[in-house]
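I set out to record what I looked up in this structure, entry by entry. I began with burial across the chain and then turned to single elements and residues.

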Amino acid sequence: MKKILFVGAEAMPFAATGGLGDVLGSLPTAIHEAAEGEADVRVVMPLYSAVSADFRSQMTLVQEYEVCLSWRRQYCGIYSLVKGGVTYYFIDNEYYFKRDSLYGCFDDGERFAFFCKAAVDMLGVIGFYPDVLHAHDWQAALSLVYLNGKYRQVAGYEAIQTVFTIHNIEYQGKYDFGILGDVFELGEEDRELVEYDGCINLMKAAIVCADRVSTVSPQYAKEIQTPEYAHGLDGILRQQAEKLCGILNGIDYDYYNPGRKGAVAKTYSWRTIPAKYENKAALQAELGLPQKNDVPMLSVISRLASHKGLDLISEMAYDFLSEHEVQLVILGKGESGYESFFEGLQQAFPDRVRALITYDRSLANRIYAATDIFLMPSKSEPCGLSQMIASRFGAIPVTRETGGLYDSIKGYWEEKGRMHGNGFTFAGYSAAELAERTGAAVALWQDEEKRKKLIGRIMRTDFSWKTSALKYLEMYASL
Ligand code: GLC
């Protein structure tokens, strides 16, 4: 039986801020199921204050020990619970993790160094030595550095194979060399490993340390070897290219499910598409928009960050809304410039636009269920989950051909009455192209016959984890 340990900073439903949490909350179970009893999959993450009392009451305390990092001596408690066939471990230390937010603290470097050291120590403390330690994103990068540096001579740790997955290359964990020893407990002999462009770069170190490096779509695996996408790391990725691959994410088919009672006003499937319009009416009522089904509802559900392509939406929105009879719902928060832009847009079109500046998972579900056309014109997108969720809910995606969007959504076309593709796509980073494709989606939507056919195709596209979980198992087996 293969033993696999995921190390990462967040996992649904315990604590999450974005896509990484979705993946760590659903991929481990998918791997467990795909291995049909041949894999023991476990996950370790911090015990943040955000983890609910309900989950805490289901946990058992496994061990308590002291974690040493440089001159620091810190308490560490390991709690665990089993969910979906996967054992989740939670690293408890209130000094580091009893905070209002998961990240964004001045001492994130120290907090995640502690987390990584505690996670690697945990293996010996609980006597679980995985065949594969699979670390995710920069917050888990030091687990690979510590493992390769100090632990390889310790019994149990010698043969652990390692994988590092890049979910977003923009966030690398860059620090000044001043904290090399004092915070990260690294010495002069580690300088070359962690150094990139004159500072400490934790992601770079993990890329070098890992036996395999993966990212969350095949296209992004190519893109991050180029300067345009790599945020400076293309050189090292080209150098390590033989161990790099891309595996497309899936989504949690139980959670993101228009057939799940309680998630939507009226459940539906690709066989009962008209029931989708009851969800649209319900959301229009909830948001105080006119209840018209013949007006297509467009939506954007996204962190309001510039790489999500919001510049393009801002640039085309006023003209598009003036020229087309559509409703537009925006859900998300982030950069204040975008927040105020969308609030302004709602003021300009009070009976057609709603700007919901918040992060709310259950509201997101209701919006996906109500949406006719989903906009996701990202500038870069490692994988992107929203286009898959939108598809599952029968919203027609309009996406830019980049990263995982390129791999998951193919532009619609017709030949001899046969339909191809599962959305509307464009290549250039241009508001004109976005407006043109969105207009084409609106035009198709107005044609009831074609609308039904395309939505049926889209809803049946397989974005479950099945295929990708098998690819991860293949990768583990090849180590
Ligand atoms: C990051 C990426 C996103 C990806 C997710 C899960 O949030 O930005 O594209 O889908 O990680 O891998």
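**Entry 1. Burial and overall form**

I looked up burial first: 59% of the 479 residues of the protein count as buried. I note that the model is a predicted one, and I read every value below as computed from it.

I then checked the overall dimensions. The radius of gyration is 23 Å, which agrees with the value near 23 Å that a compact globule of 479 residues would have. Along the principal axes, the C-alpha atoms fill a box of roughly 65 × 45 × 45 Å.

For secondary structure I recorded 18 helices and 20 strands. Of the contacts with a separation of 6 or more, 71% are made by residues 24 or more positions apart.

**Entry 2. Surface and charge**

The accessible surface of the protein is about 18,700 Å², and carbon and sulfur atoms hold 49% of it. I counted charged side chains next: there are 49 positive and 62 negative ones, and the centres of these two sets are 6 Å apart.

**Entry 3. Nonpolar cores**

I asked which residues of the largest nonpolar core touch the most other members. They are Ile-31, Ile-91, Phe-164 and Tyr-476, in a core of 98 residues. Helix α4 (residues 108-126) supplies the largest share of this core, with 10 residues. Another core lies apart from it and has 73 residues, including Val-353, Leu-363, Ala-364 and Met-459.

**Entry 4. Helix α13**

Leu-363 and Ala-364 led me to helix α13, since both are listed among the buried residues of α13. I asked why this helix, residues 361-370, can be called largely enclosed. Seven of its 10 residues are buried, so the rest of the structure largely encloses it. Besides Leu-363 and Ala-364, the buried residues of α13 include Asn-365, Ile-367, Tyr-368, Ala-369 and Ala-370.

I then listed what these residues pack against. The helices are α10 (276-287) and α14 (386-392). The strands are β13 (297-301), β14 (327-331), β15 (353-356) and β16 (373-376).

**Entry 5. The loop between β1 and α1**

Two residues drew my attention in the loop between β1 (2-7) and α1 (19-34); one of them is Pro-13. The peptide bond from Met-12 to Pro-13 is cis, and its omega is near 0°. I noted this bond because most peptide bonds are trans.

Glu-10 is found in the loop between β1 and α1 as well. Is Glu-10 buried or exposed? Its relative accessible area is 2%, below the 20% limit, so Glu-10 counts as buried. Leaving out residues up to four places away in sequence, Glu-10 touches Ala-15, Ala-16, Thr-17, Gly-18, Leu-20, Gly-21, Leu-24, Met-45, Leu-102 and Tyr-103. For Gly-21, which is 11 residues from Glu-10 along the chain, I recorded a C-alpha separation of 4.9 Å.

**Entry 6. Positive phi outside glycine**

I searched for positive phi values because most residues other than glycine have a negative phi. Glu-36, in the loop between α1 and β2 (39-46), has phi near 45°. Its relative accessibility is 68%, over the 50% limit, so Glu-36 counts as exposed.

Asp-197 is not a glycine either, and its phi is positive at about 50°. Asp-197 sits in the loop between β9 (195-196) and β10 (199-201). With a relative accessible area of 68%, Asp-197 is exposed.

**Entry 7. Ile-200 in β10**

I moved on to Ile-200, which is placed in strand β10. Ile-200 is buried, and its relative accessible area is 0%. Not counting residues up to four places away in sequence, it touches nine residues' worth of neighbours that I list by name: Gly-173, Lys-174, Tyr-175, Asp-176, Phe-177, Ile-179, Leu-180, Phe-184 and Val-194. From Ile-200 to Gly-428 there are 228 residues in sequence and 34 Å in space, C-alpha to C-alpha.

**Entry 8. Asp-234 in α9**

My last entry concerns Asp-234, which lies in helix α9 (residues 234-239). Asp-234 has a relative accessible area of 9% and is buried. Which residues is Asp-234 in contact with, leaving aside neighbours within four places in sequence? They are Ile-224, Gln-225, Thr-226 and Pro-227.

Key. Residues numbered from 1 in each chain as written. Predicted model: local features only at pLDDT ≥ 70, side-chain atom pairs only at ≥ 80, totals over all residues. Heavy atoms only, no water. Helix = DSSP H or I, 4+ residues; strand = E, 2+ residues; numbered from the N terminus. Rg over C-alpha atoms; globule rule 2.2 N^0.38 Å. Buried < 20%, exposed > 50% of the residue type's maximum accessible area, 1.4 Å probe, protein only. Contact = heavy atoms within 4.5 Å. Areas by Shrake-Rupley, 256 points an atom, 1.4 Å probe, with all protein chains shown as cover. Lys, Arg positive; Asp, Glu negative; His and termini not counted. Charge placed at Lys NZ, Arg CZ, Asp CG, Glu CD. Core = buried A, V, L, I, M, F, W, Y, C linked by side-chain atoms within 4.5 Å.
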